[in-house]
Amino acid sequence: MLREALARGEFVYSTEMVPGRGSGGPAVDAVAAFARRIKESGLPIRSISVTDNPGGNPAIAPDAIAREVLAAGVDPIVNFACRDYNRNALESRMTALARAGVENVLAVTGDYPEGGYGGVARPVFDLDSVQSITYLKAMNRGIEVAGGHGAKGAHQLPSTNFFVGAVVNPFKLREDELVPQLLKLERKVRAGADYIIPQLGYDMRKFLEVKRYMDARGLNVPILGNVYVLNLGTAKIMNRRAVPGCVVSDALLKVVEEESKAPDKGKAKRMERAAKMVAVFRGMGFNGVHLGGFGLKFEDFGAIIAMSEALAPQWETFVSELSFSRPGEFFLFPQPKVWGPARERDPDPIPSLRGGGEGVKSAVMRGFHRALFVENTAGYNLMRSFYQSTASKGALGKVAHALELGSKKVLFGCQDCGDCGLADMAFCCPMSQCPKNLRNGPCGGTRDGQCEVHPEKPCVWTIVYRRNKANDKLDVMRSEYVPPRDARLEQTSGWANFYLGKDYRGRERAHTLAAKSEHIKAPE
């Protein structure tokens, strides 16, 4: 199984399958059939990852396919996107998988909806991927729940045993787009991610950047390289950025176009490129590879694996032909002198990223925050006293809420969620400025700094990054966890909730005080 193979230090082969829409048919039945052939043939593929409505279009749930893969004797990885499920649905779904014996999951944000019956579906995005990893790890420990239906006290739910994967997309052109990806990766690992699979791409230096960052920061979890066998049709689609997060440079497209003129339409060359990528990943010290590609036959997977093993001794000679960077591409680390795992560990690169302009609005907001929202300051104590006195006085409380909402709508486009994340996002509202409402870092679908959903607008996390960089606060983007918002607080005063301890920061303060109290009471 995947977990055990990685624990043994085995170089692991995994693959990804994309089931189609409907309850049956070739695009649905192929996954289980593929799993049965793996078992029968002994092909060294440890797991099959089953996608969850990729591209934001409906397809059969990966959970059903995963059960068939497991029954065939192969370890499934269930992708779950935060796009379509709220937290209750996620828990129901995951406990059902746990009962069925499915343990491997891959947490992704998910592509924004593009299709659906009768029109385009409305997204949910109740949780982001960092929050969902945190949730799954809580399930592994056994969630403690209050007694219901008149029951007294609390009880603990049965613990699960999920092996939780996470993704990262290093194929970003700009600094303010790449670095937040790596900072969010660190949040995911600290939340409990057990293994990492980067987005597919065709620049080995970018793949190595992820490994170097993980090594520099002591993020000791397995990482699988991503190898996608690229045909001409897919290359053209990715080159025009029609698949969120996937990049095929102009230079690579020209190579694939030339290869496709061969009698076999370029198949031999793309298979060879994939095998060379596998060999390089092995040489660079990755823990395995994730293989995929449109239209691949079962025999193709075996051929790629066999070819990669034959090419492994020459892996370093292939690096230059597998590095399709774009002009002006930002790299966090200098050009590597040594590509293999014997390279010297890099120092943490983040402290060297300083400077830049913050902007007047952000500076004013920071000053306002320090004056009124920092605990134990005169302004904080005054505001807290005010909200304590107005909490039971309806008219005055409503006036205060109206003034707060009006100012925040003008400044931030406030959605009146009542569980405000402005202070943790450098005064950028995740509800109004991020279509996916992400509170713990960007999604992987941005296009050269622009939003996946609204490409005419910059990704809000590029703004958050630049503001934090200007104030030497990039560490908060990799160390601080922002919990999901509490829907009970919608259409209520975020300021009142903060000062009265009802929002997530207030709950954190109460938890910290309780922990300190318990520590004081603890016997010597």
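**Exercise 1. How do the residues of the lining of the largest cavity divide into nonpolar, polar and charged?**

Basis: this is a predicted model, in which local features need pLDDT of at least 70 and side-chain atom pairs count only at pLDDT 80 or more, while totals for chains, interfaces and linings use all residues. Residues are numbered from 1 along each chain as its sequence is written, and side-chain values use heavy atoms, with hydrogens and water left out.

Solution.
- Step 1, terms. A cavity is a set of points, on a 1 Å grid over the protein atoms alone, where a 1.4 Å probe fits but cannot get out; lining residues have an atom within 4 Å of a point. A volume is the space filled by probe spheres set on the points, which are joined across faces, edges and corners.
- Step 2, classes. Ala, Val, Leu, Ile, Met, Phe, Trp, Tyr, Cys and Pro count as nonpolar, Asp, Glu, Lys and Arg as charged, and the others, Gly among them, as polar.
- Step 3, result. The lining divides into nine nonpolar, six polar and five charged residues.

**Exercise 2. Describe the size and surroundings of the two largest cavities.**

Solution.
- Step 1. There are five cavities of 30 Å³ or more, and the largest has a volume of about 140 Å³.
- Step 2. Of the 20 residues that line the largest cavity, Lys408, Cys414, Asp416, Cys417 and Cys420 lie nearest its centre.
- Step 3. Helix 14 (394-412) and helix 15 (430-433) are the elements that give two or more residues to this lining; helix 14 has the largest share, five residues. Helices are DSSP runs of H or I with at least four residues, strands are runs of E with at least two, and both are numbered from the N terminus.
- Step 4. The second largest cavity has a volume of about 100 Å³. Its lining has 14 residues, and Cys434, Pro435, Cys443, Cys451 and Cys459 are the closest to its centre. By class, this lining holds 10 nonpolar, two polar and two charged residues.

**Exercise 3. Why do the buried residues of helix 9 line one face of the helix?**

Solution.
- Step 1. Buried means under 20% relative accessible area, exposed over 50%, and partly exposed in between (1.4 Å probe, protein chains only).
- Step 2. Leu252, Leu253, Val256 and Glu259 are buried in helix 9 (residues 250-259).
- Step 3. Seen down the axis, the buried residues fall within an arc of 125 degrees, so they line one face of helix 9. The arc is taken from the directions from the helix axis to the C-beta atoms.
- Step 4. Asp250, Lys254 and Glu258 are exposed on the face turned away from the buried side.
- Step 5. The cover over the buried residues includes helix 8 (232-239) and helix 10 (267-284).

**Exercise 4. Is Glu177 buried or exposed, and what does Glu177 touch?**

Solution.
- Step 1. Glu177 lies in helix 6 (residues 175-191) and is buried, with a relative accessible area of 4%.
- Step 2. Contact means heavy atoms within 4.5 Å. Not counting residues up to four places away in sequence, Glu177 touches Lys172, Thr446, Arg447, Asp448 and Gly449.
- Step 3. Gly444 is 267 residues from Glu177 along the chain, and their C-alpha atoms are separated by 9.4 Å.

**Exercise 5. Place Gly22 in the structure.**

Solution.
- Step 1. Gly22 is in the loop between strand 1 (12-17) and helix 2 (26-41).
- Step 2. Gly22 is partly exposed, at 38% relative accessibility.
- Step 3. Beyond four places in sequence, Gly22 touches Val28 and Ile60.

Technical notes: 1 Å grid on protein atoms, 1.4 Å probe; cavity = no way out; pocket = protein on both sides within 12 Å on 5 of 7 lines; lining within 4 Å.
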